[in-house]
Amino acid sequence: MIQIDQVSHQIGGTPILHDISTTLPKGRLTALIGPNGAGKSTLLRLIGRLEPLQAGRITVAGHDVATTPTDRLARVMAILGQQTAIASRLRLSELVAFGRWPHHKGRPGPADRARVTQALEAFALAPLAHRFLDEVSGGQAQRAHIAMAFAQDTDWLLLDEPLNNLDMAHARALMSRLRALVDHAGRSVAMVVHEINYAAAWADHVIAMKDGRVIAEGPAAEVLTEALLSDLYDAPIRVGQHLGRPLVLHHV
Amino acid sequence: MDSRALDPGIAARRPEAAAGPAPDRRPALILGGMALLLALLAAVWMLQGLGPGNRGFILGLRATKLAALVTVAVAVGVSTILFQTVAANRVLTPSIMGFDALYVLLQTVLVITLGGAGLVGLPPGAKFLAEIAVMSALAATLFGTLLLRGARDVPRMILTGVILGVLFRSVSGFLGRIMDPNEFAVVQSVSFASFNRVDATLLPLAMAVTALAVALAWRMSARLDVLALGRDPAVSLGLAHRGVTLAVLALVAVLVSVSTALVGPVAFFGLIVAGLAHGLMRTAAHAVLLPAAGLSAAILLVGGQWLFERQLGQAATLSVVVEFAGGLFFLYLLLKGRIR
Ligand SMILES: Nc1ncnc2c1ncn2[C@@H]1O[C@H](COP(=O)(O)OP(=O)(O)OP(=O)(O)O)[C@@H](O)[C@H]1O
Ligand SMILES: [Mg+2]
């Protein structure tokens, strides 16, 4: 479980998050939704200790992110930010191999190498493994970053808009892989997602944010209603049904 | 997704593709070749045209100069790679960011406050070590703040560095004008680059300090690889980002102090060397990059100095040529938009 208690955050004097308290349930796929600028990335970065916590408390599986040694946290959660630029010039295989670093600290063993190969294959990157990051397409690079987080092999996986740049087939494949991680490997996943139907179809739990506050949270079917979504995005949105799950008709 | 992963055509053509990072012998071969070339150059440097008379004396002189050149080369090469890693940028060098100007300023201020005579009175070794300590603390604070705050904005970093460099240099220049001419002479010797004049008194200490700093950097190579990814990925992989950044900056300051004390500031030499190391090795692994930078710097300096001093009879000075070539390379990198 990720427990967030009274977290507030400001950047340059402007309040970004207002006194947020919520939980992300363990063993579930949680989707964070909300309009641009709602504070989703900021909240995820605070959980992933990419930003220092200013006020409040966050624990991930019982580890206080403000006080737990950072290398210990790297074996509990993996976080992939919205901006995925990498400074060094790396081959895809090298990038994914960095996901094992928290475990071997520079001395990879055969198990680490096997895990990297597995992650490359899982994201259809094996044929591209020897290419440099700047020699592949945006979606392929995005998959490599996800594969790196995947190779980190942590109980918690935090992904900020992982569907960015992915085509329909790869987006669906990613969601089904995340679903499998949750259902069969006992992992927990939290992801920011804009395409609301991915949340509707795959997520167990939805947290809706607006203007730095959580305005609704709960099972997907309860949160993704016409009234709530229209209010969340300040636009009339119709919601239908498909295979027993909400189908959001936001594009018409 | 899986069906594409197993595309038989691609898999058959690249059977090794999925094997992850294959053990690559290229870096080891190149490093070996560079070490051999350096040994050859060193032998030529020591033995060329050695007459029968005064052998011991000449060999001693040559050995001192060789040691100084190699020390400076290693310090410049390694410090540039370290700085580029910590700044996540291939265009910056410690000199461009004003590290050596800071060292010259520190010297000037020390000479003024302690007085030229007092300074000469201090044992040179103790004074050197004190300078290195102050320099590391200053650089870590100053550049640490700069990097930990706004590392993502590269143009701003370059601008800040250039302005800092100009600031340090002009303050030193101003202090130089108002100070006693005798005292100024002490400062002037570290203000301009020259490979012909090497301060030999500091050499043994400088060599020891360089060896120590390089050994520490080498031990950090796995962490440097992670640091080079950039802040977010490094933190997410559990690197103590702040601590490692400050430690690396302190090492850079130590190495820049050594090279500046021995031959004066060399602005663009590091850029050539780091460019060579990255270009030759084609890897981001610091365990390979650091020795490659040290070796290529040593080859360039020893070879270049041999050429200019012995073959061209000082018709031109190596420092000028190196700076000119380095400056051109800097412009080339900027124009190609390789600001990364
Ligand atoms: N570095 C910054 N300086 C100033 N304001 C910032 C900064 N980063 C984010 N903000 C502001 O904080 C608010 C929340 O940003 P955040 O990135 O968390 O939004 P988000 O919900 O992830 O949006 P998006 O869906 O567009 O990614 C926004 O209003 C944004 O303008
Ligand atoms: Mg965002």
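The exercises below deal with a predicted model, and each is followed by a worked solution.

**Exercise 1. The two chains**

Find how many residues of chain B are in contact with chain A, and how much area the two chains bury between them.

Solution.
- Start with the contacts: 34 residues of chain B touch 38 residues of chain A.
- Next take the area: about 3200 Å² is buried between chain B and chain A.
- Carbon and sulfur atoms account for 60% of that buried area.

**Exercise 2. Polar links across the interface**

Identify the residues that form the salt bridge between chain B and chain A, and count the residue pairs in polar contact.

Solution.
- The count of salt bridges between chain B and chain A is 1.
- The partners are B:Asp232 and A:Arg45, whose side chains meet at 2.7 Å, N to O.
- This distance meets the salt-bridge criterion because the cut-off is 4 Å between a side-chain nitrogen of Lys or Arg and a carboxyl oxygen of Asp or Glu.
- For polar contacts between chain B and chain A, the count is 6 residue pairs, with both residues at pLDDT 80 or more.

**Exercise 3. The side of chain B that touches chain A**

Which helix of chain B gives the most residues to the side that touches chain A?

Solution.
- At least two residues each come from α1 (2-5), α11 (221-227) and α12 (231-236) of chain B.
- Of the elements of chain B, α12(B) gives the most, with 5 residues.
- Sorted by class, this side of chain B holds 18 nonpolar, 4 polar and 12 charged residues.

**Exercise 4. The surroundings of ligand 1**

Describe the shell of residues around ligand 1 and give the polar side-chain distances to its oxygen atoms.

Solution.
- The shell has 13 residues, and the closest are A:Gly37, A:Lys40, A:Ser41, A:Thr42 and A:His194.
- Helix α1 (residues 40-47) of chain A supplies the largest share of the shell, 3 residues.
- By class, the shell divides into 4 nonpolar, 7 polar and 2 charged residues.
- A polar side-chain atom of A:Thr42 is 2.5 Å from an oxygen atom of ligand 1.
- For A:Lys40 the corresponding distance to a ligand oxygen is 2.8 Å, and for A:His194 it is 2.8 Å.
- Taken alone, ligand 1 exposes 640 Å², of which the protein buries 58%.

**Exercise 5. A pairing across the sequence**

Where does B:Leu41 lie, and which residues beyond four places in sequence is it in contact with?

Solution.
- B:Leu41 belongs to helix α3 (residues 26-47) of chain B.
- Setting aside neighbours within four places in sequence, B:Leu41 is in contact with B:Ile299, B:Val302 and B:Gly303.
- B:Leu41 and B:Ala298 are 257 residues apart in sequence, yet their C-alpha atoms are 9.7 Å apart in space.

Notes. Residues numbered from 1 in each chain as written. Chains lettered and ligands numbered in written order. Predicted model: local features only at pLDDT ≥ 70, side-chain atom pairs only at ≥ 80, totals over all residues. Heavy atoms only, no water. Contact = heavy atoms within 4.5 Å. Buried area = accessible area lost by both parts, 1.4 Å probe. Polar contact = N/O pair within 3.5 Å; in protein donor to acceptor, adjacent residues only side chain to side chain. Nonpolar A, V, L, I, M, F, W, Y, C, P; charged D, E, K, R; others polar. Near = heavy atom within 4 Å. Areas by Shrake-Rupley, 256 points an atom, 1.4 Å probe, with all protein chains shown as cover.
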